[in-house]
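Work through the exercises below with the sequence and the structure in view. Each task is followed by a solution in steps.

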Amino acid sequence: MDRDFSDELLAAIERADREGAKAVIDAWAVGRPFHQVVPELLAPTLERFGVIWSLGQGGVSLATGYMASKVAEDVLSRLLVETRPGDARSRGKVLLGNVEDDFHPLGRKMVAAFLRTDGWEVLDLGVDVPPGQFLDVAEETGARVIGASAMMYTTARNVAGIREEIGRRGLTGKVQLAVGGAVFKLRPGLVAEFGGDGTAASAVEASALFQDLWARSLEAAP
């Protein structure tokens, strides 16, 4: 009977067993190119974990959420070493943070890990970030893309404050606003309603979104 590596990895994360997760990933990688671990094992497993998290099932907790992010970081750090030797080029500086009053860091941390692996210089502002702080740091660092994360509708509404701040500072077009979180997957119409410039279906697809938004920024303000 074939092993179900995704089930095993999910179980290790739910046990907060980092070494167990590593053992599952190492076993999966035998005879397989390691760069396939993200699309074939890590991403679908974290997607399942995210669903369990959003539904409050399976005994998930902050500890298991933290463990999921550390497992992602372990894999992506190894991937970075194995697939980008000596390549220190940066795609550019971008910001990530949970919007004001949002304290759910898991999705943001996974996006940060995937972006860093793909060459972005990520400035992670953490949770509960007010609109002014996003824009202060963007202006200080020259970041052209802000990634704002929110899990629930009540906090997703605070994305509109970031959009207003971008306009108030005359940075419309130059600073692009990516949004993410469970509520935007469930209600994609909220992206435009709250002023977002785009979203990605998963953390794996975040880099492609940021590349698109970065290009739009350069077109608006070379």
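**Exercise 1. Two loop residues**

Locate Asp 101 and describe its backbone and its exposure.

Solution. Asp 101 sits in the loop that runs between β1 and α5. The model is a predicted one. Next, take the backbone: phi of Asp 101 is positive, about 75 degrees, although the residue is not a glycine. Last, take the exposure: the relative accessibility of Asp 101 is 49%, and partly exposed covers the range between 20% and 50%, so Asp 101 counts as partly exposed.

Now treat Asp 128 in the same steps: where is it found?

Solution. Asp 128 is found in the loop between β2 (120-124) and α6 (131-141). Its phi is near 55 degrees, again a positive value in a residue other than glycine. At 30% relative accessibility, Asp 128 counts as partly exposed.

**Exercise 2. The helix α2**

Check whether the length of α2 agrees with its number of residues.

Solution. Helix α2 covers residues 18-29, which makes twelve residues. At 1.5 Å a residue the expected span is 16 Å. The C-alpha atoms at the two ends are 17 Å apart, which agrees.

Then describe the start of α2, its buried residues and what follows it.

Solution. At the start of α2, a side-chain oxygen of Asp 17 comes to within 3.4 Å of the backbone nitrogen of Glu 19. Within the helix, the buried residues are Gly 20, Ala 21, Val 24, Ile 25, Trp 28 and Ala 29. After α2 comes Gly 31, with a positive phi near 80 degrees.

**Exercise 3. Two residues with polar contacts**

Is Thr 45 buried or exposed, and which residues does it touch?

Solution. Thr 45 has its place in helix α3. Its relative accessible area is 0%; buried means under 20%, so Thr 45 is buried. Leaving aside neighbours within four places in sequence, Thr 45 is in contact with Ser 6, Leu 9, Leu 10 and Ile 13. With Ser 6 there is also a polar contact of 2.9 Å between the side chains.

Repeat the steps for Glu 165.

Solution. Glu 165 is in helix α8 (residues 159-168). With a relative accessibility of 13%, Glu 165 counts as buried. Its side chain makes a polar contact of 2.8 Å with the side chain of Arg 169. Beyond neighbours within four places in sequence, Glu 165 is in contact with Pro 131, Gly 132 and Leu 135.

**Exercise 4. A distance**

How far apart are Ser 77 and Glu 193, in sequence and in space?

Solution. Ser 77 belongs to helix α4 (residues 62-83), and at 43% relative accessible area Ser 77 is partly exposed. Along the sequence, Ser 77 and Glu 193 are 116 residues apart. In space, the distance from C-alpha to C-alpha is 36 Å.

**Exercise 5. The largest pocket**

Describe the largest pocket by its volume, its lining and the elements that form the lining.

Solution. Start with the volume, which is about 910 Å³. The lining consists of 40 residues, and those nearest the centre are Gly 107, Gly 181, Ala 182, Lys 185 and Ala 201. Elements giving two or more residues to this lining include α3 (37-55), β1 (92-98), α5 (106-117) and α11 (206-220). The largest share, eight residues, comes from α3. Sorted by class, the lining has 26 nonpolar, eleven polar and three charged residues.

Notes: Residues numbered from 1 in each chain as written. Predicted model: local features only at pLDDT ≥ 70, side-chain atom pairs only at ≥ 80, totals over all residues. Heavy atoms only, no water. 1 Å grid on protein atoms, 1.4 Å probe; cavity = no way out; pocket = protein on both sides within 12 Å on 5 of 7 lines; lining within 4 Å. Points joined across faces, edges and corners; volume = space filled by probe spheres on them. Helix = DSSP H or I, 4+ residues; strand = E, 2+ residues; numbered from the N terminus. Nonpolar A, V, L, I, M, F, W, Y, C, P; charged D, E, K, R; others polar. Expected span 1.5 Å × (residues − 1). Buried < 20%, exposed > 50% of the residue type's maximum accessible area, 1.4 Å probe, protein only. Polar contact = N/O pair within 3.5 Å; in protein donor to acceptor, adjacent residues only side chain to side chain. Contact = heavy atoms within 4.5 Å.
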